[in-house]
Amino acid sequence: IELVSERHPHPRGPILVANCQAGWAAFFTKLRHHELKFSLIPIASPLSYWAGNRWSVSMRPYAGLSGGALIPAFLSDLGNGEFDGALLAGNFETHSLTNTAFAKIMRALMKVDVERTKFLQMEKWWNWYARLNKEEILWVLMNLFIGNKPERGELEIDGEKIDMRNFDDLLVVFSSRGDDISSPAQCLKWIPKVYESLDALKQLGRRIVYVIHPKAGHLAIFLSGMVSQKFLAPVVAHMEELESLEPGLYEAFPQNDGTLAIETRTFEDIQKLDDCSAEKLKPMFETIASVAKFNLGLYETFVSPFARSLTNEGIAGLVREMNPLRLSRYPFSSLNPFFFPLTFAVPLIEKPQIQLDKENFFLAVERSVNEAGIALLDFFTQARAMAYEAVVEANYNNFLTRWFFRNPLMPH
């Protein structure tokens, strides 16, 4: 950020467009380094981690189901101190079961001439996995997704307490109603939590604008060219107009002609983004955070030293390569010598193309199978989400568990 500011000086600093984790990372970077000046467009970046609708498809119950950060800590130890990003991708794919197991494959096959390049590009990008060290993944989980510390005013970085109200540059929050990973509520509901009122936000001179896409999924919101052209490009093109707004809260509506319609909003509009169940379930989420802290303490004391003694870099590399997401791709890649003849067969298959009428019987059957498959998996995903939440509430939203793990006498 300093280098870009130096090479391209501007009174208001550069504009950062940051997807998902990069969004909250850039946000906290600004709060930690007050001297930096830049406008931020976080895309599908959660900052209110307990927000969301009850009994809906979301990742809120996952920490309760897994006992906190135990599994990532153990897998990091088996990875010789590194956490494999393929595990995060696998978690995402099992969460988005309809798209992973059926919809994206059917979409590629039904329109193979159009979708082939897009599908392969996406698969190559998606199957490149980063790594995090153990300290990084545990910090993210315990402080953000489990602890929800930023909006509670409990987050510390390098010993400095982080106050979200200190972000004093333009903030344009981009989210989508079709995103069940980082919902609009998780991207925006920190605002009424950290500011006492809209007047307080205005008195501090803060400008917050948000854009909500009607249906794009979590990956589509920052990977789709159509979403980028129709929604993000008009926002970037009108940043000077947004920076000149009076302090306050606004919603922007990108128009088809590239213009931007801007309307004032209140905290009540933000509250309507979900059913406000986070407030009702706050004791449960706090209990989950206490259980996670307790479990991690036990693990680090008694299990972690033994787990670390079982592995080295060679074993860690083998474990990474044996991950199902990698292993399932190898047989269908250029590493498989039996697929080599297909490189000569592809041109022969591509040439003869028969254009079928839209009313063709087999195309109608294909569409019906696609719709039925999506409906069935959507039903299963919704039922699974409700079951997850029921199990978590039964275990953590009861007096005994809350009393035991939130008791002041309980050692942490």
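## Strands, salt bridges and a pocket

Let's start in the sheet, where isoleucine 208 of β8 stands opposite leucine 249 in β9. This is a predicted model, so keep that in mind throughout.

On its other pairing, isoleucine 208 in β8 has leucine 171 standing opposite. Leucine 171 opens strand β7, which spans residues 171–176 and runs parallel to β8, with 6 bridges joining the two. The pairing of β8 with β9 (residues 248–254) is parallel as well, this time over 4 bridges. So how much of β8 is covered? Mostly: of the 7 residues in this strand (207–213), 6 are buried.

Now for the charged side chains. Searching the whole structure turns up 26 salt bridges. Three of them are set out here, with the gap between the closest N and O atoms.

| Salt bridge | Closest N and O atoms |
|---|---|
| Glutamate 286 with arginine 152 | 3.4 Å |
| Aspartate 163 with arginine 165 | 2.9 Å |
| Arginine 265 with glutamate 263 | 2.9 Å |

Take the pair of glutamate 286 and arginine 152, whose closest N and O atoms are 3.4 Å apart. Glutamate 286 belongs to helix α18 (residues 282–309) and arginine 152 to helix α9 (residues 149–152), so this salt bridge ties together parts that lie 134 residues apart in sequence. Glutamate 286 is buried, at 15% relative accessible area, because the cut-off for buried is under 20%. Arginine 152, at 30%, is partly exposed.

In the pair of aspartate 163 and arginine 165, aspartate 163 is partly exposed with 26% relative accessibility. Arginine 165 is partly exposed too, with a relative accessible area of 31%.

The pair of arginine 265 and glutamate 263 is mixed: arginine 265 is buried at 17% relative accessible area, whereas glutamate 263 is partly exposed at 38%. Elsewhere, Lys30, Lys37, Asp168 and Asp169 are joined into one network by salt bridges that share partners.

On to the empty space. The second largest pocket holds about 1700 Å³. It is lined by 50 residues, and the closest to its centre are Gln21, Met59, Leu88, Ala89 and Asn91. Which helix gives the largest share of that lining? Helix α5 (residues 85–95) does, with 9 residues. What does the lining look like by class? There are 35 nonpolar residues, 12 polar and 3 charged.

Last, the cysteines. How many disulfides does the structure hold? The count is 0. Cysteine 20 is in no disulfide, and the nearest cysteine sulfur, in cysteine 187, is 8.7 Å away. The cut-off for a disulfide is sulfur atoms within 2.5 Å. Cysteine 20 is buried, with a relative accessible area of 14%. As for cysteine 276, the closest cysteine sulfur is again that of cysteine 187, and at 16 Å it is too far for a bond. Cysteine 276 is partly exposed, at 27% relative accessibility.

Conventions. Residues are numbered from 1 along each chain as its sequence is written. This is a predicted model: local features need pLDDT of at least 70, side-chain atom pairs count only at pLDDT 80 or more; totals for chains, interfaces and linings use all residues. Side-chain values use heavy atoms; hydrogens and water are left out. Buried means under 20% relative accessible area, exposed over 50%, partly exposed in between (1.4 Å probe, protein chains only). Two strands pair if DSSP finds at least two bridges between them. A salt bridge is a side-chain nitrogen of Lys or Arg within 4 Å of a carboxyl oxygen of Asp or Glu. On a 1 Å grid over the protein atoms alone, a cavity is a set of points where a 1.4 Å probe fits but cannot get out, and a pocket is an open set with protein on both sides within 12 Å along at least five of seven lines; lining residues have an atom within 4 Å of a point. Grid points are joined across faces, edges and corners, and a volume is the space filled by probe spheres set on the points. Ala, Val, Leu, Ile, Met, Phe, Trp, Tyr, Cys and Pro count as nonpolar, Asp, Glu, Lys and Arg as charged, and the others, Gly among them, as polar.
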